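Work through the exercises below with the model open. Try each task before you read its solution.

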Amino acid sequence: MDLSTALRAERLVAIVRGRDAEASFRTVMALAEAGLPLIEISLSGKDALTVIRRARAELGDAAWLGAGTILTAADARRAAEAGANLIVTPGLGAGLEESVRQGLPTLAGVMTPSEVIAADALGVSALKLFPASVGGPAYLRALRAPFPELPFVPVGGVDAAAAEAYFAAGAVAVGVGSPLVGDAADGGDLDGLRKRAAEFRAVCAR
């Protein structure tokens, strides 16, 4: 299954950004066990590459394990070496270009029509509308008017209610961090995480 198909099927990318590497790893495993197979580990989290390596060893080659906050070409190379098979960027730049060059599935951060055109020209897998909270579902709807066939994934401030609104506006999936993960990646409550995962899965199944 390619990334575009996976996004349309699952409709959710879980974003893990933690201050505790062990807790981040446990969070990734809990998300996978809860049936959320698209997981992004942000490089801005503690020892993120180690978390990716451990998760890859545990989950196997088929799992979608993303590396997020990819800014530079070196970031992209390190992420691929750690086992990431999904690259997520906050915007355009060298990290995205290197990821595409390597043939890695990419979720490219965009906000404006010009950035959408530039990212699409690179051949990215999907477009991360970020920060989505700036314009909300109405902005996504307006942005899709000139780009009706492109796959948009809003990220930034997306809770369960917002996810429903973004789907109604044409998003193929949403990226969700703290409204889903809570404090789990900092050593907090995994039971709460599992409950929220079930709630988001229900929204995505509608």
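The exercises that follow start from one strand and move out to its neighbours. Keep in mind that this is a predicted model.

**Exercise 1. Burial of strand 1**

Task: Decide whether the residues of strand 1 are buried or exposed, and check both faces.

Solution:
- Step 1. Find strand 1 at residues 12–16.
- Step 2. Apply the cut-off: buried means under 20% relative accessible area.
- Step 3. Count the residues that pass. 5 of the 5 are buried, so strand 1 is largely enclosed by the rest of the structure.
- Step 4. Split the strand by face. L12, A14 and V16 lie on one side, and V13 and I15 lie on the other. Both faces are covered.

**Exercise 2. Partners of strand 1**

Task: Find which strands pair with strand 1, and in which sense.

Solution:
- Step 1. Recall the rule: strands of a sheet pair through backbone hydrogen bonds, either parallel or antiparallel.
- Step 2. Look at strand 8, residues 174–176. Strand 1 pairs with strand 8 in the parallel sense, over 3 bridges. Within this pair, A14 stands opposite V176.
- Step 3. Turn to strand 2, residues 38–42. Strand 2 also runs parallel to strand 1, and 3 bridges join them. Here A14 faces I39, and the bridge partner of I15 is E40.
- Step 4. Trace the chain between these two strands. From strand 1 the path goes through helix 2, residues 21–33, to strand 2. This β-α-β crossover is right-handed.

**Exercise 3. The whole sheet**

Task: State the strand order of the sheet and name its edge strands.

Solution:
- Step 1. Read off the order. The 8 strands run 7-6-5-4-3-2-1-8 in an open sheet, with parallel pairing.
- Step 2. Pick out the edges. Strand 7 (152–154) and strand 8 each pair on one side only.
- Step 3. Add the twist. From one strand to the next, the average is 25°.

**Exercise 4. Helix 2 against helix 10**

Task: Describe how helix 2 and helix 10 cross, and which residues meet.

Solution:
- Step 1. Locate helix 10 at residues 190–204.
- Step 2. Compare the axes. They come within 10 Å and cross at roughly 35°. The crossing is right-handed.
- Step 3. List the contact. R26, T27, A30 and L31 of helix 2 meet L190, L193 and R194 of helix 10.
- Step 4. Sort by class. The contact has 4 nonpolar, 1 polar and 2 charged residues.

Technical notes
Residues numbered from 1 in each chain as written. Predicted model: local features only at pLDDT ≥ 70, side-chain atom pairs only at ≥ 80, totals over all residues. Heavy atoms only, no water. Buried < 20%, exposed > 50% of the residue type's maximum accessible area, 1.4 Å probe, protein only. Helix = DSSP H or I, 4+ residues; strand = E, 2+ residues; numbered from the N terminus. Pairing = 2+ DSSP bridges. Right-handed = clockwise from strand over helix to strand, strands pointing away. Axes fitted to C-alpha atoms, helices over the stretch in contact; angles between N-to-C directions. Left-handed = near helix turned anticlockwise from the far one by under 90°. Contact = heavy atoms within 4.5 Å. Nonpolar A, V, L, I, M, F, W, Y, C, P; charged D, E, K, R; others polar.
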